[in-house]
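Q: Could you take a close look at one part of this structure for me? I'd like to start from a single side chain and work outward from there.

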Amino acid sequence: MLFRSMLVASLATAASSYKITLPSDLFAGDVQLKAGDYIMTLEGKEAVFTKGKLVVRIPAIVDKNEKKFPETGLELSGSKIQSIDLGGTNIMIKFRSPR
């Protein structure tokens, strides 16, 4: 029983990071992210973007969709990320617009 719990925790941790590719410089909330590949994780109410040694924490809202997203996708409005749909999950990450 203990082994099963440890295995599930390990899988859950591995599944909580997502590769995100930004095609151009984009804003998530009031933070500008440069184009490129990032690893994104969720920590509480923050989306954490890591690119090499760069780590950027951005306040985020985690929402759930009725169905799982077939692939990870960005919903953009101009140069702003409205949301990120996490492929293989029903999780959608939303960012507040700057005031």
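A: Happily! Let's begin with E43, which is partly exposed because its relative accessibility is 38%, and that class covers the range between buried (under 20% relative accessible area) and exposed (over 50%), using a 1.4 Å probe and protein chains only. Before going further, please note that this is a predicted model, in which local features need pLDDT of at least 70 and side-chain atom pairs count only at pLDDT 80 or more, while totals for chains, interfaces and linings use all residues. Residues are numbered from 1 along each chain as its sequence is written, and side-chain values use heavy atoms, with hydrogens and water left out.

The partner of E43 is R57: the two form a salt bridge whose closest N and O atoms are 2.8 Å apart. This pair links distant parts of the chain, with E43 in strand β4 and R57 in strand β6 (residues 54-59), 14 residues apart. Strands here are DSSP runs of E, at least two residues long, numbered from the N terminus. A salt bridge means a side-chain nitrogen of Lys or Arg within 4 Å of a carboxyl oxygen of Asp or Glu. R57 has a relative accessible area of 43%, so R57 is partly exposed too.

Four salt bridges are present in the structure. Another one joins the side chains of D63 and K94, at 3.0 Å from N to O. Here again distant parts of the chain are linked: D63 is in strand β7 (residues 61-64), K94 is in strand β10, and they are 31 residues apart. D63 is partly exposed because its relative accessibility is 31%, and K94 is partly exposed with a relative accessible area of 30%. Returning to our starting point, salt bridges with shared partners join E43, E46 and R57 into one network.

K94 leads us on to S83, whose contacts (heavy atoms within 4.5 Å) beyond four places in sequence are G73, L74, E75, M92, I93 and K94. S83 sits in strand β9 (residues 80-85) and is buried, because its relative accessibility is 3%.

Strand β4 has an aromatic side to its story as well. The structure holds two aromatic pairs. One is Y38 with F49, edge-to-face, 5.9 Å centre to centre and with 90° between the planes. Y38 belongs to strand β4 (residues 36-43) and F49 to strand β5 (residues 46-51), so this pair ties together parts 11 residues apart in sequence. Y38 is buried at 2% relative accessible area, and F49 is buried at 0%. F49 also pairs with F95: the ring centres are 6.3 Å apart and the planes are at 40°, so this pair is tilted. F49 in strand β5 and F95 in the segment after β10 (91-94) are 46 residues apart. For these rings of Phe, Tyr and Trp (its six-membered ring), pairing needs centres within 6.5 Å; planes under 30 degrees apart are stacked, over 60 edge-to-face and the rest tilted. Together, Y38, F49 and F95 form one aromatic cluster.

Key. Helix = DSSP H or I, 4+ residues; strand = E, 2+ residues; numbered from the N terminus.
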